[in-house]
Amino acid sequence: MKYIILATTFLSISASLTSAQAATDYSFSDQLEVQKEQLRPQEFNFFSDRYKQVKAHNQLVATNIQKPSFKEQLDSQMQQLKGHQFHPASDAYYQIISR
C-alpha cells in the first residue's frame, strides 16, 4: 500500500513539474533557438558546392580518365543492387497467409 501511495505521489509531482515547464511562454527567438538545436546540421552552400564540382571535374580532365560508357555505368549499378527473388506461386501464398 505504501508503494502505491508513493508511486501516485511521485507521478503527480512529476506531472505537475512537466506541465509547469510546458506552460512557460518562450519568446520567438527562444523558440527558434530550441528548434535550431533539434535540427540536424547540414552543409549546403551553392558557391562552395559549385567550387567542389568544378574542382572535381577539372581533376578528372587533368588526369584524362576515360569516362565509362553508358552501358558500363548501368552494369556497375546492376552489380551494386541487392539480388531479388520473385516467384509468383510463393508470393501469392505469402499474400494469402498475411491477410
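**A helical model with one salt bridge**

Of the protein's 99 residues, 1% count as buried. Keep that figure in mind while reading the rest. The model is a predicted one. Its accessible surface comes to about 10300 Å². Carbon and sulfur atoms account for 61% of that area.

Start with the fold. The protein has 5 helices and 0 strands. Read along the sequence, the pattern is α-α-α-α-α.

Next, confidence. The mean pLDDT of the protein is 76. A value of 70 or more is reached by 80% of the residues. Among the elements, helix H4, residues 70-80, has the highest mean pLDDT, at 85. H5 has the lowest, at 72. These two helices also hold the local features described below.

Take helix H4. Which residues meet in a salt bridge? The side chains of Lys-71 and Asp-75 do, at 3.1 Å from N to O. The cut-off for such a pair is 4 Å, and the count for the protein comes to 1 salt bridge. Both residues lie in helix H4. They sit 4 residues apart, which is about one turn of the helix.

Is Lys-71 buried or exposed? Lys-71 counts as exposed because its relative accessibility is 55%, and the exposed class begins over 50%. Asp-75 has a relative accessible area of 35%. That value falls between the limits of 20% and 50%, so Asp-75 is partly exposed. Neither partner of the salt bridge is therefore classed as buried.

Now move on to H5. This helix covers residues 88-98, and Ile-97 has its place there. Which residues make the nonpolar surface patch? They are Tyr-93, Tyr-94, Ile-96 and Ile-97. The patch measures about 480 Å². Each member has over 30% relative accessible area, because patches are made of such residues. Read the patch together with the confidence figure: H5 has a mean pLDDT of 72, the lowest among the elements.

To recap, the salt bridge joins Lys-71 and Asp-75, within helix H4. The nonpolar patch includes Ile-97, a residue of helix H5.

Key
Residues are numbered from 1 along each chain as its sequence is written. Side-chain values use heavy atoms; hydrogens and water are left out. Patches are made of residues with over 30% relative accessible area and no salt bridge: like charges are joined within 9 Å, nonpolar side chains (Val, Leu, Ile, Met, Phe, Trp, Tyr) within 5 Å. Accessible areas come from the Shrake-Rupley method with a 1.4 Å probe; for residues, only the protein chains shown count as cover. Buried means under 20% relative accessible area, exposed over 50%, partly exposed in between (1.4 Å probe, protein chains only). pLDDT is the predictor's confidence in each residue, from 0 to 100.
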